[in-house]
Amino acid sequence: MAGRTAREGEKLQEATQEQDAVPRLLAMLSGKERLELENFSMEIGDLELWIPTGPAAAPHGLAATAYQKPASLFPEIFIPPKEEFVGRIREVRLGATKSAGGSRGSTLVIGGSDYPPFVSAEHPAAHPPIFALDVFDMEVPLPKVLMENVKDVISDPAEWARMNVTKYGADMITVHLMSTDPLIRDASPEAAARTVEEVLQAVDVPLIIGGCGDPRKDAQVFCKVAEIADGERVLLNSVTLGMTETKTLDVVARAAKEHGHAVLGFTGLELNKAKELNRRLYEYLPPEDIVMDLTTVALGYGLEYSFTIHERARHAALMGDTELQQPTISASTNAWAAREAWMKMDKKYGSRGLRGPLWETINALTLLLAGVDIFMMMHPAAIRTCKDTIRMFAEKDAPVPDGIARWATMKI
């Protein structure tokens, strides 16, 4: 047989090298659990997938143990990145003791954070989040799971507030003056102020005073409440950019400043408007008197967007945006606006007695991770769960609750 050409010799040598490469590669991989490749590329023609069915199926003499299902996940350690931030959330004090001109048993301070929440044990929160329970100045329709907790006091705002503090451990009380709405009862500012005065006498925790949403009526009510609660440092909830059109924002801001209160600026999921409202409020009030409400949307109705807005605001503030360096509040009670939280769908979604509080808890915990400082809530179990979670976050090497690793496959 005639001698091979030079090209045929090269092909034979390449084929031999390829045959030798497979055993060498397998030998290198023997005993290894992982392989990390850098700057790797591969050209594939026809691709064959080989799926082993047992120890006897291991090809090329590779140990059968290399094809056995791993007994556990590869252990990894999360090392938080070390970041430096130039900004800091301003501190706002709520409530005033007797020595400061009020009658509260203690004051609460929110804000002060200089790092994203619950990221690093080296950067704990300056002040723990605060939880306020709601009280209404008139009987309102509530889901059954909420009504069963308050049915004995729903017609008495002062007793309702007292129960929320003594029985359920509320840090603050939110008094919603719904009766002042011109489309409901159109109660007078004087009547609203008397309700606030009764609640002030019933409890000694700081108060949040909520209006009805009508800018003109709210301005009248807030001015009267600010006067009656002079020196108590309540949080007036809320002022909006819409009040500039009715020329009432400056009226409320001046009343708050005159009587020593803080104000809550409410905007709807738009950071530019939040900044604009803050700029307008800075004309009348020091930044230490302003809290932001960026809007809370219920789980299933846009909660992820609320989280994004709150997280963006917090990171922008820490990175130096002074117009967003105000502490924030979440109306986690908006969870009860979701029909899935309270409608009778037990066969599909489980018991309403558990489902409703869970809906509110998830709303609060989601925004807790975005850095929210105050939570307005309604169900006692939701507040208790949130407080327990915060304590667990704060502990170093906290034990993992039993069964939490199986949460994805668990059923109600």
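This briefing covers strand β3 and a set of salt bridges in the structure above. The model is predicted. Strand β3, residues 130–136, has seven of its seven residues buried, so it is largely enclosed by the rest of the structure. The structure holds 16 salt bridges, among them D186 with K217, K275 with D321 and R314 with D373.

**Strand β3 and its burial**

- Burial applies to both faces of β3.
- On one side, the buried residues are I130, A132, D134 and F136.
- On the other side, F131, L133 and V135 are buried.

**Pairing partners of β3**

- Strand β10, residues 374–377, pairs with β3 in the parallel sense, and four bridges connect the two.
- In this pairing, I130 of β3 is opposite I374 of β10.
- Strand β4, residues 172–176, also runs parallel to β3, joined to it by five bridges.
- Here F136 of β3 is opposite H176 of β4.

**Salt bridge D186–K217**

- The side chains of D186 and K217 form a salt bridge with an N to O distance of 2.6 Å.
- D186 sits in the loop between β4 and α4 (189–202) and K217 in helix α5 (residues 215–228), so the contact ties together parts 31 residues apart in sequence.
- The relative accessible area of D186 is 43%, which makes this residue partly exposed.
- K217 has a relative accessibility of 7% and counts as buried, the cut-off for buried being under 20%.

**Salt bridge K275–D321 and its network**

- K275 and D321 form a salt bridge in which the closest N and O atoms are 3.0 Å apart.
- Because K275 belongs to helix α8 (residues 271–282) and D321 to the loop between α9 (303–318) and β9 (329–331), this pair ties together parts 46 residues apart in sequence.
- A network of salt bridges links K275, R279, D321 and E323.

**Salt bridge R314–D373**

- R314 and D373 form a salt bridge, with 3.1 Å between the closest N and O atoms.
- This pair links distant parts of the chain, 59 residues apart: R314 is in helix α9, and D373 is in the loop between α12 (352–368) and β10.
- R314 and D373 are both buried.

Conventions: Residues are numbered from 1 along each chain as its sequence is written. This is a predicted model: local features need pLDDT of at least 70, side-chain atom pairs count only at pLDDT 80 or more; totals for chains, interfaces and linings use all residues. Side-chain values use heavy atoms; hydrogens and water are left out. Buried means under 20% relative accessible area, exposed over 50%, partly exposed in between (1.4 Å probe, protein chains only). Two strands pair if DSSP finds at least two bridges between them. A salt bridge is a side-chain nitrogen of Lys or Arg within 4 Å of a carboxyl oxygen of Asp or Glu.
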